[in-house]
Amino acid sequence: MQEKNLWQRLRQSANELNKTRTLVVTALFIALNVTLDALNIRIQLTPQLRIGFGFLTSAMVGMLFGPVVAMMAGAAGDMVGYLFNNGGGAYFPGFTITAVLAGLIWGIALYHRPVTYRRAFCTKLVINLFLNIFLNSLWLKLLYGKGLLADLPMRIFKNVAMLPLEALMLVTVSGIVLQAQARSRRAA
């Protein structure tokens, strides 16, 4: 039953691409993500520990429009972000793969589902462990040749330490976005 439900949600998400509203709102979230990154908008707690907000835009696209749209937004956001990021170095497709996978996970976890603290925490935990810690560490190893274990303890600490706060931010922002969506639909 779950497998069938997943395929139905993937098809539903793909159908979202036929709607102008989906494309416009997704483009706005991509622009917001690129702007947050380009302007380096984040909360710096320590030199190694900072709270970024970019994951919220990916999560909101996944929540509103599902995994197919969120994967495409992840790829587009990564590529457009690269074009606007002056100090980022050469383009590396591994990070685009990470962004696509994050969109897939956000979409599967949040599309047509309530965004509870537990769901936000578990989804962000999966993304932090498999994408942020493992996959991005692998990409950095391939890019810079550093030992995979050199930065791993700090990456693990940062992703685990920030997890409860990121989950709380996700629940809060999703509530605001869903209220705005409801108001927008009533006005239309």
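This report describes the fold, the surface, the charged pairs and several individual residues of a predicted protein model.

## Overall fold and dimensions

The secondary structure of the protein consists of six helices and two strands, and, read from the N terminus, these elements follow one another in the order α-α-β-β-α-α-α-α. The strands therefore come after two helices and are followed by four.

For a chain of 188 residues, a compact globule would be expected to have a radius of gyration near 16 Å, and the 17 Å found for the protein agrees with that expectation. Taken along the principal axes, the C-alpha atoms occupy a box of roughly 50 × 35 × 30 Å. When contacts between residues at least 6 apart in sequence are considered, 74% of them join residues that are at least 24 apart.

## Burial and surface

Of the 188 residues, 36% count as buried. The accessible surface of the protein amounts to about 10800 Å², and carbon and sulfur atoms account for 67% of that area.

## Charged side chains and salt bridges

The protein carries 18 positive and 6 negative side chains, and the centres of these two sets are 8 Å apart. Side chains of opposite charge can pair when their charged atoms come close. With a limit of 4 Å between a side-chain nitrogen of Lys or Arg and a carboxyl oxygen of Asp or Glu, the count in the protein is three salt bridges.

One of these joins Lys-19 to Glu-16, with 3.4 Å between the closest N and O atoms. The two partners differ in burial class, because Lys-19, at 43% relative accessibility, counts as partly exposed, whereas Glu-16, at 10%, counts as buried. Another salt bridge is formed by Arg-42 and Asp-37, whose closest N and O atoms are 3.8 Å apart; here Arg-42 is partly exposed at 29% relative accessibility, and Asp-37 is likewise partly exposed at 37%.

A further salt bridge pairs Lys-124 with Glu-166, the closest N and O atoms being separated by 3.7 Å. This pair links distant parts of the chain, since Lys-124 belongs to helix H5 (residues 117–144) and Glu-166 to helix H6 (residues 152–187), with their positions 42 residues apart in sequence. Both Lys-124 and Glu-166 are buried.

## Helix H3 and its contacts

Phe-65 is placed in helix H3, which spans residues 54–84, and with a relative accessibility of 5% Phe-65 counts as buried. Leaving aside residues up to four places away in sequence, Phe-65 touches Ser-13, Glu-16, Arg-21, Thr-22, Val-25, Thr-26 and Tyr-111. Among these partners is Glu-16, which also takes part in the salt bridge with Lys-19; the C-alpha atoms of Phe-65 and Glu-16 are 6.3 Å apart, although 49 residues separate the two along the chain.

Val-61 also has its place in helix H3, and its relative accessible area of 3% makes Val-61 buried. Under the same exclusion of residues up to four places away, the contacts of Val-61 are with Thr-26, Phe-29, Gly-66, Val-69, Ala-70 and Ala-73. Thr-26 thus appears among the contacts of Phe-65 and also among those of Val-61. The C-alpha atoms of Val-61 and Leu-28, 33 residues apart along the chain, are separated by 10.0 Å.

## Helices H1 and H4 and the loop before H5

Arg-11 is found in helix H1 (residues 2–16), where a relative accessibility of 51% places Arg-11 in the exposed class. Although Arg-11 and Val-68 are 57 residues apart in sequence, the distance between their C-alpha atoms is 8.3 Å.

Thr-96 lies in helix H4 and is buried, having a relative accessible area of 7%. Apart from residues up to four places away in sequence, Thr-96 touches Ala-75, Asp-78, Met-79 and Tyr-91.

His-112 is situated in the loop between helix H4 (93–110) and H5. Phi of His-112 is near 60°, which is a positive value in a residue other than glycine, and at 54% relative accessibility His-112 counts as exposed.

Conventions. Residues are numbered from 1 along each chain as its sequence is written. This is a predicted model: local features need pLDDT of at least 70, side-chain atom pairs count only at pLDDT 80 or more; totals for chains, interfaces and linings use all residues. Side-chain values use heavy atoms; hydrogens and water are left out. The radius of gyration is taken over C-alpha atoms; the globule rule is 2.2 Å times the number of residues to the power 0.38. Buried means under 20% relative accessible area, exposed over 50%, partly exposed in between (1.4 Å probe, protein chains only). Contact means heavy atoms within 4.5 Å. Accessible areas come from the Shrake-Rupley method with a 1.4 Å probe; for residues, only the protein chains shown count as cover. Lys and Arg count as positive and Asp and Glu as negative; His and the chain ends are not counted. The place of a charge is taken as NZ of Lys, CZ of Arg, CG of Asp or CD of Glu.
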